Amino acid sequence: MTHKITLIPGDGIGPEVTQATVRILEATGIKFEWEQFAAGAEAFEKYHEYIPKELTESIERTRVGLKGPVTTPIGGGFASINVQLRKQFELYANFRPIKNLPHIPTRYPGVDLFIVRENTEGLYSGIEHEVVPGVVESLKIITEKASTRIAKFAFEYARKNKRKKIHAIHKANIMKLSDGLFLRCSRNVSKDYPEITYGEHIVDNTCMQLVMNPYQYDILVMENLYGDIISDLCSAFVGGLGFVPGANFGDQCAIFEAVHGSAPDIAGKDIANPTAVLRSALLMLDHLGEYEASARITTALEEVYRTKEKLTRDVGGSSGTSKIADSVIEAMQSDYKPQPASQASTA
Ligand code: NAI
């Protein structure tokens with residue numbers, strides 16, 4: 001069977017890390033047919049569209065995308081391609097596992113938690129206007145439908161994967177109506193899952209609690225902006241942004257992408273860590289039912305990371321993006337030990 005995948009390499013470090021990932025995926029022997037498209041500024045130059053029609057049609061056809069980061073201009077310019085794609089395809093659940101890889105030096109070993117971020121509304125609705133010069137209004141949209149849907153996603157994931165605890169993260173003490181609604185929906189959904197402990201934490205306290213003791217959390221569910229910020233905070237538990245994968249799930253399709261951005265400070269130097277995109281691709285393999293290949297790459301990656309020199313610079317090594325891909329492929333070919341297939345389901 002051939003898997004048709006829409007590939008968006010992105011810009012900045014995107015092409016380097018997605019290329020490394022694609023090489024590793026192809027080395028599994030699984031057949032992929034990549035439909036590759038630019039997005040953002042690069043696409044605009046070619047097609048005069050930031051999200052070309054051909055890209056939209058490809059995702060509608062394949063229903064699965066692997067995406068590198070895309071740069072968003074700051075304080076002006078076009079709207080985030082990432083946010084637009086999530087809204088356009090109703091990819092309402094942004095799922096981000098925060099899990100240490102063995103042998104990666106971090107301050108917090110053994111972290112194992114999940115961020116479930118609502119992906120389609122909140123302050124990322126992008127509804128902003130200037131009321132009068134010097135006064136700008138940004139609207140935070142919270143709906144019962146989207147809040148209930150994301151809470152159900154989190155609880156279903158917990159039930160299927162035997163996770164024990166969910167915390168809803170909020171600021172309902174200040175945003176009494178919007179975050180209040182989000183909380184009410186989470187609470188209502190929690191009643192259908194009595195085997196899962198449900199708690200609520202205010203977002204600023206959550207940041208402190210996470211840094212003091214990340215082990216107290218299991219699954220965190222929250223609206224868009226809090227999810228964005230807390231994801232970067234949590235990435236530091238597992239070695240930084242080079243390690244945290246992500247998946248955007250909707251009812252019709254899914255796009256897999258790392259938490260990190262286009263990292264212009266290190267782009268084009270072959271030094272970016274491809275692990276976060278590779279781990280996103282592992283989520284994609286699980287989504288496609290290719291559990292054995294996913295386990296095989298995981299074993300190889302862990303094997304590579306036994307040797308400090310094989311790490312990238314972000315975690316004290318001296319290796320590079322393409323070199324990591326070479327090492328993982330070599331480990332897959334020379335040291336293949338089959339692992340029990342993980343049936344963990346995210347959908
Ligand atoms: P960033 O995530 O690109 O970089 C933050 C820091 O982490 C930088 O020091 C960078 O070098 C480092 N870093 C990130 N990924 C790394 C990797 N794989 N290996 C080693 N180091 C890595 O965040 P920043 O600089 O705030 O954003 C840059 C651009 O990316 C912006 O235009 C932003 O809008 C965009 N962005 C796009 C995302 C997406 O496409 N999903 C997500 C986040 C940001």
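Me: What is the relative accessible area of Glu90?
Reply: Heads-up, this is a predicted model: local features need pLDDT of at least 70, side-chain atom pairs count only at pLDDT 80 or more, and totals for chains, interfaces and linings use all residues. Numbering runs from 1 along each chain as its sequence is written, and side-chain values use heavy atoms, without hydrogens and water. Glu90 counts as partly exposed (between buried, under 20% relative accessible area, and exposed, over 50%; 1.4 Å probe, protein chains only), with a value of 38%.

Me: Where does Glu90 lie?
Reply: Its backbone is worth a look, since phi of Glu90 is near 45°, a positive value in a residue other than glycine. Most residues other than glycine have a negative phi. Helices (H or I, at least four residues) and strands (E, at least two) are DSSP runs numbered from the N terminus, and Glu90 lies in the loop between helix 4 (81-88) and strand 4 (93-99).

Me: What phi does Asp270 have?
Reply: Asp270 sits in the loop between strand 12 (254-257) and helix 9. Asp270 is partly exposed, at 32% relative accessible area. Asp270 isn't a glycine, yet its phi is positive, at about 60°.

Me: Which residues of helix 7 are buried, and on what arc around the axis?
Reply: In helix 7 (residues 203-212), the buried ones are Val203, Thr206 and Leu210. Their cover includes strand 5 (112-118), strand 9 (197-202) and helix 8 (224-235), where contact means heavy atoms within 4.5 Å. Going by the directions from the helix axis to the C-beta atoms, they're on the same side of helix 7 because they cover an arc of only 40°.

Me: At what angle do helix 9 and helix 10 cross?
Reply: Thr275, Leu278, Leu282, Leu285 and Asp286 in helix 9 meet residues of helix 10 including Tyr291, Ile297 and Leu301. Axes are lines fitted to C-alpha atoms, for helices over the stretch in contact, with angles from 0 to 180 degrees between N-to-C directions. The axes of helix 9 (275-287) and helix 10 (291-304) come within 8 Å and cross at roughly 155°. That makes the pair roughly antiparallel (over 145 degrees; under 35 is roughly parallel, 65 to 115 roughly perpendicular, the rest oblique), given that angle of roughly 155°.

Me: How far apart are the axes of helix 1 and helix 11?
Reply: Helix 1 (residues 14-26) packs on helix 11 (residues 321-334) at an angle of about 10°. So helix 1 is roughly parallel to helix 11. Their axes are apart by 9 Å.
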